[in-house]
Amino acid sequence: MLIRDTGDLNRSLTPEEKEMLEALKDKPIVFDEDSPELTDEQLKRFVRVSEMRREERRKQSVTLRLSPQALSKARSLGKGYTSVLSRILENALNDNKLIEQYL
């Protein structure tokens, strides 16, 4: 049986949940055919997804010339406006009809 809980991960544990976790910490791990113990070779193959995709997500600096009006509007968004511009540009570049409109 699979149970999925999409509850708030930032909330504090209840006293009952803390008690349940405390009771479980001394119980042994039981491996079976559905969840066998991983070998050292299998464990070596694990790579954090965040590390794997770090290069894909790394932002690069570019020089971009904007009109004074566009720059003023962007700056009016406040701190972090360059991140907002990056998301707007990324979404626009994913919209082929929008791209064709400006070519």
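Biologist: How many salt bridges does a search of the whole structure find?

Modeller: This is a predicted model, in which local features need pLDDT of at least 70, side-chain atom pairs count only at pLDDT 80 or more, and totals for chains, interfaces and linings use all residues. Residues are numbered from 1 along each chain as its sequence is written, and side-chain values use heavy atoms, with hydrogens and water left out. A salt bridge is a side-chain nitrogen of Lys or Arg within 4 Å of a carboxyl oxygen of Asp or Glu. Searched in this way, the whole structure yields 2.

Biologist: Which residue meets E17 in a salt bridge?

Modeller: E17 is partly exposed, with a relative accessible area of 23% (buried means under 20%, exposed over 50%, partly exposed in between, with a 1.4 Å probe and protein chains only). The N to O distance in its salt bridge is 2.8 Å. The partner, with a relative accessible area of 39%, is also partly exposed. That partner is R11.

Biologist: Is K25, which forms a salt bridge with E22, buried or exposed?

Modeller: The closest N and O atoms of E22 and K25 are 3.3 Å apart. E22 is partly exposed, at 48% relative accessible area. K25 has a relative accessible area of 57%, and is therefore exposed.

Biologist: What accessible area do L13, M20, L21 and L24 have together?

Modeller: These four residues form a nonpolar patch on the surface. Patches are made of residues with over 30% relative accessible area and no salt bridge, joining like charges within 9 Å and nonpolar side chains (Val, Leu, Ile, Met, Phe, Trp, Tyr) within 5 Å. One member, L21, lies in helix α1, residues 15-24, and is partly exposed at 45%. Accessible areas come from the Shrake-Rupley method with a 1.4 Å probe, where for residues only the protein chains shown count as cover, and the patch has about 380 Å².

Biologist: What is the radius of gyration of the protein?

Modeller: The protein has 7 helices and 0 strands, which are DSSP runs (helices H or I, at least four residues; strands E, at least two) numbered from the N terminus. The globule rule gives 13 Å for 103 residues, and the protein is well over this, so it is more spread out than a compact globule. The radius is taken over C-alpha atoms, and the rule is 2.2 Å times the number of residues to the power 0.38. The value for the protein is 24 Å.

Biologist: What percentage of the residues of the protein count as buried?

Modeller: The protein exposes about 11,000 Å², of which carbon and sulfur atoms supply 53%. Of its 103 residues, the share that counts as buried is 1%.
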